[in-house]
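Subject: Structure for you to look at

Hi,

Here's the structure I said I'd send over. Have it open while you read, and I'll go through what turned up.

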Amino acid sequence: MFGYFDATYILVLIGAVLSMWASMRVNSTYQKYAGVRSYSGLTGAEAAQRILNGAGIYDVRVEHISGNLTDHYDPRSKVLRLSDSVYGSASVAAIGVAAHECGHAIQDDKSYAPLKIRNAFVPVANFGTKAAFPIILLGLFFGSSYTLVQIGLLCFACGTLFQLITLPVEFNASARAVSILGSTHMLSDQELKQTRKVLSAAAMTYVAAAAASILSLLRLILLFGGGRRRD
């Protein structure tokens, strides 16, 4: 009556729950400390500019971008973009996020190896993520073609690998941010503890994304990876 139940969906469900939990945690943590104004009174944009200049980086522009927590550093155009809730806010949360993005700019300036690897892997991961399921479906359509299915799994694995490569890059950027904010006294010790909580919650979104991708890859391998060659 209920049709066929695919037990491997449990893996996808676990990944989805992890991602939802991480997203809820980072949003709630950010909102909590977005209401705590820093003693320095620096906005996210001002803090970012001060950190960049202090690191001897003068060729990176700090710009505003719309959205909520859409902050990112673009190494191609040398632009650090801060979102609505960060750019003009003087909260400890905003300064923490701005400092984290500065961490990426510093990584780029110092040719941090994991960042270079991640940036070089972006086109491979984008192609793999988009092509994986169409290739797998083509393999199934053509009589369960072993070769096509395996190529599809390999493409999906590229996306998963990208998620794993991202982890050390993000953790290092946060570590740099906390170190700089502490050594320059931009934040007090108490404010630094609050900022750590924000950055730790943000880091968990990357951990959850990597875990979800691994679980999805495992499901695909269980479903299609053990088939016999039929080509």
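Let's start at one spot in the chain: right after H4 comes Ser111, and its phi is positive, near 55 degrees. Keep in mind that this is a predicted model. Why bother with the sign of an angle? Because most residues other than glycine have a negative phi. Ser111 is a residue other than glycine, yet its phi has a positive value. You'll find Ser111 in the loop between H4 and H5. With a relative accessible area of 44%, Ser111 is partly exposed, since that class lies between the 20% and 50% cut-offs.

Lys78 goes the same way as a non-glycine residue with a positive phi, about 55 degrees in its case. Look for Lys78 in the loop that joins strand S2 (72–74) to strand S3 (79–82). Its relative accessible area is 28%, so Lys78 also goes down as partly exposed.

Back to the helix just before Ser111. H4 covers residues 92–109, which makes 18 residues. From its first C-alpha to its last, H4 reaches 25 Å, close to the 26 Å expected at 1.5 Å a residue. Is H4 mostly covered or mostly open? Mostly covered, with 17 of its 18 residues buried.

Now for the overall layout. The protein has seven helices and three strands. Reading from the N terminus, the order is α-α-β-β-β-α-α-α-α-α. A box of roughly 65 × 40 × 25 Å, taken along the principal axes, holds the C-alpha atoms. Of the 231 residues, 44% count as buried.

Next, a helix pair. Two packed helices are described by the angle between their axes and the distance between the axes. For H5 (residues 113–141) and H6, the axes come within 6 Å and cross at roughly 150 degrees. An angle over 145 degrees counts as roughly antiparallel, so that is how H5 and H6 lie to each other. The crossing of H5 past H6 is left-handed. What sort of residues make up the contact of H5 with H6? They divide into 25 nonpolar, six polar and two charged.

There is a salt bridge joining these two helices as well. Glu170 pairs with Arg118, and the closest N and O atoms are 3.1 Å apart. Glu170 belongs to helix H6 and Arg118 to helix H5, 52 residues apart, so the pair links distant parts of the chain. Are Glu170 and Arg118 buried or exposed? Both are buried.

In total, the count comes to six salt bridges. Some of the residues involved are worth finding as a group: Arg61, Glu63, Asp74, Arg76 and Arg81 are linked in a network of salt bridges. Here are two of the pairs:

- Glu63 and Arg61 meet through their side chains at 2.9 Å, N to O. Glu63 is partly exposed at 26% relative accessibility, and Arg61 is partly exposed too, at 44%.
- Arg76 and Asp74 meet at 3.5 Å, N to O. At 78% relative accessibility Arg76 counts as exposed, whereas Asp74, at 12%, counts as buried.

A few single positions to finish with. Ala157 sits in helix H6, which covers residues 146–183. At 25% relative accessibility, Ala157 counts as partly exposed. How far is Ala157 from Ser216 in space? The two are 9.7 Å apart, C-alpha to C-alpha, with their positions 59 residues apart in sequence.

Thr29 is in helix H1 (residues 9–34). Its relative accessible area is 13%, and since buried means under 20%, Thr29 is buried. Thr29 and Cys158 are 129 residues apart along the chain, and their C-alpha atoms are separated by 31 Å.

If you only have a few minutes, I'd look at the Glu170 and Arg118 salt bridge, then at the network that includes Arg61 and Asp74, and then at the positive phi of Ser111.

Cheers

Terms used
Residues are numbered from 1 along each chain as its sequence is written. This is a predicted model: local features need pLDDT of at least 70, side-chain atom pairs count only at pLDDT 80 or more; totals for chains, interfaces and linings use all residues. Side-chain values use heavy atoms; hydrogens and water are left out. Helices (H or I, at least four residues) and strands (E, at least two) are DSSP runs, numbered from the N terminus. Buried means under 20% relative accessible area, exposed over 50%, partly exposed in between (1.4 Å probe, protein chains only). Axes are lines fitted to C-alpha atoms, for helices over the stretch in contact, and angles run from 0 to 180 degrees between N-to-C directions. Angles under 35 degrees count as roughly parallel, over 145 as roughly antiparallel, 65 to 115 as roughly perpendicular and the rest as oblique. A crossing is left-handed if the near helix is turned anticlockwise from the far one by less than a right angle, and right-handed if clockwise. Ala, Val, Leu, Ile, Met, Phe, Trp, Tyr, Cys and Pro count as nonpolar, Asp, Glu, Lys and Arg as charged, and the others, Gly among them, as polar. A salt bridge is a side-chain nitrogen of Lys or Arg within 4 Å of a carboxyl oxygen of Asp or Glu. The expected span of a helix is 1.5 Å times one less than its number of residues.
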